Amino acid sequence: MTIAKFHGGCHQIGKSCVEINTKKSKILIDCGMDPSDNGLPDINDSDVDAVVVSHAHLDHCGAIPYFNFKKIFCNPPTADLMYNVWKDTVSLSKTYKEEDIKKSMDVIKTVNYREEKQVTSDIKMKMYDAGHILGSSSLYLDIDGKKLLYTGDINEIETRTLRAADTDFDEIDTIIIESTYGSPLDIKPARKVLEKQLIDEISETIDNGGKVIIPVFAVGRSQEIIVVINNYMKSGALKEVPIYINGSLTHTTGMYMGYSDWLNPKIKNAIENRINPFGNLIKGGDEVFSREPCIIISTSGMVQGGPVLQYLSLLKNPRNKIILTGYQAEGTIGRSLEEGATEVKPFKRAIPVNGKVVKIEFSAHADYNSLLRFMKKIPQPDKAIVMHGERYQALSLAMTIWKTLKIPAIAPSIGSVLPLFD
């Protein structure tokens, strides 16, 4: 019997890590860190044959260098992006060291989309485009003849930079699906509506002589938002002001340019025709604090670390604004701002929040309707396991899959051990 043990990413966003244990081998799917407290999965790495990584976000790959793994499978852009994530972790949390990163980089084996790879003697794998960030993958595993689809983080619609998630899989026995926005309350506006909201909020602040702070994840969200802002500035719909960037998104945006074949056709063609879709970006320095209106795009997306913390002092000024563009985990500064905090304390001294706080869910995840569309497009599995969502979202999606699609579904808690196949 093949069993799955869930070491993280259950009833929570963060620390995704699923152990697959067959009679012959043991692998991990993802090995992430909890973004709110740098928590690590509780695993024994000594008998793990390999780790397969869905994509290069901290909550899916951030814990890897802490352990000693024999093999790490991912695709080429994910390998490069993971290096940036790990370097950031070394500088921000001291969870592991530079030599641990090198050790992990040395055992990476890269796989392209749709290329079959033998992971262990009884597990084969193909990676499919998940549409979430550059290189993000849904993992299709053949485990001794049984088929598992681990969606990873998926986006079912095409975006400014990426293609929509693949859905043309062969038969599926069991699916492990994300549920970040898995409840009926999590229906997001159309992308064009979100873009207009973003530009309207930026314009309001710029017209009032203020500054806009946009905390972002270095990979994915930041590139989407930069492309949107650049397009509206080029069209004249948004006043041209300096755009300052900081953190590792400087490097990751360059990687997007270098991996144009992995992007959607429109942006790929622009890059190949020597058009920079990201526009003129300036590395943030002291000039950010001058009187001139500007846009500041900086990591981290949940305002829990990184260069964005140094810009929070701008919130003392009521003319300035912070725009939260994605999910904010419990316990993060971003969540406290979202919930109306009157002050924040990124360092020793508290900062009063006099500026405006706006939430525009510019997510790279499928919402409730998109998750259902995805489930209807793929071959119907015999069983569904729901993870990567807070408790309400995970339980809601499991119930919906069971009631609407008549597929037995469960949302396990951390530490659960389940038979993977019926």
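Is Gly 331 buried or exposed, and what is its relative accessible area?

**View 1. Gly 331 in a loop of the predicted model.** Gly 331 lies in the loop that runs between strand 16 and helix 8 (333–338). With a relative accessible area of 65%, Gly 331 is exposed, because this value is over the 50% cut-off. Pro 35 is 296 residues away from Gly 331 in sequence, while their C-alpha atoms are 9.4 Å apart in space.

**View 2. The open sheet of six strands.** The strands pair in parallel and follow the order 14-13-15-12-16-19, with strand 14 (282–283) and strand 19 (356–359) at the edges, each pairing on one side only. Strand 13 (residues 243–246) runs parallel to strand 14 and is joined to it by two bridges, and in this pair Tyr 244 stands opposite Ile 282 of strand 14.

**View 3. Helices packed on the sheet.** Helix 4 (residues 191–207) touches strand 12 (211–215), strand 15 (294–298), strand 16 (321–324) and strand 19, and its direction makes about 170° with that of strand 16. Helix 5 (residues 221–235) touches strand 12, strand 13 and strand 15, its direction making about 160° with that of strand 15.

**View 4. Ile 229 and Ile 297 in the largest nonpolar core.** Among the 91 residues of this core, Ile 229 and Ile 297 touch the most other members, and helix 5 gives the most to the core, with seven residues. At least three residues come from each of domain 1 (3–185 + 364–419) and domain 2 (191–359). Leaving aside residues up to four places away in sequence, Ile 297 has contacts that include Ile 214, Ile 225, Ile 229, Tyr 244 and Leu 249. A second, separate core of 24 residues includes Ile 154, Ile 175, Ala 394 and Ala 398.

Conventions
Residues are numbered from 1 along each chain as its sequence is written. This is a predicted model: local features need pLDDT of at least 70, side-chain atom pairs count only at pLDDT 80 or more; totals for chains, interfaces and linings use all residues. Side-chain values use heavy atoms; hydrogens and water are left out. Two strands pair if DSSP finds at least two bridges between them. Helices (H or I, at least four residues) and strands (E, at least two) are DSSP runs, numbered from the N terminus. Contact means heavy atoms within 4.5 Å. Axes are lines fitted to C-alpha atoms, for helices over the stretch in contact, and angles run from 0 to 180 degrees between N-to-C directions. Buried means under 20% relative accessible area, exposed over 50%, partly exposed in between (1.4 Å probe, protein chains only). A nonpolar core is a set of buried Ala, Val, Leu, Ile, Met, Phe, Trp, Tyr and Cys residues joined through side-chain atoms within 4.5 Å. Domain bounds come from an automatic or database domain assignment.
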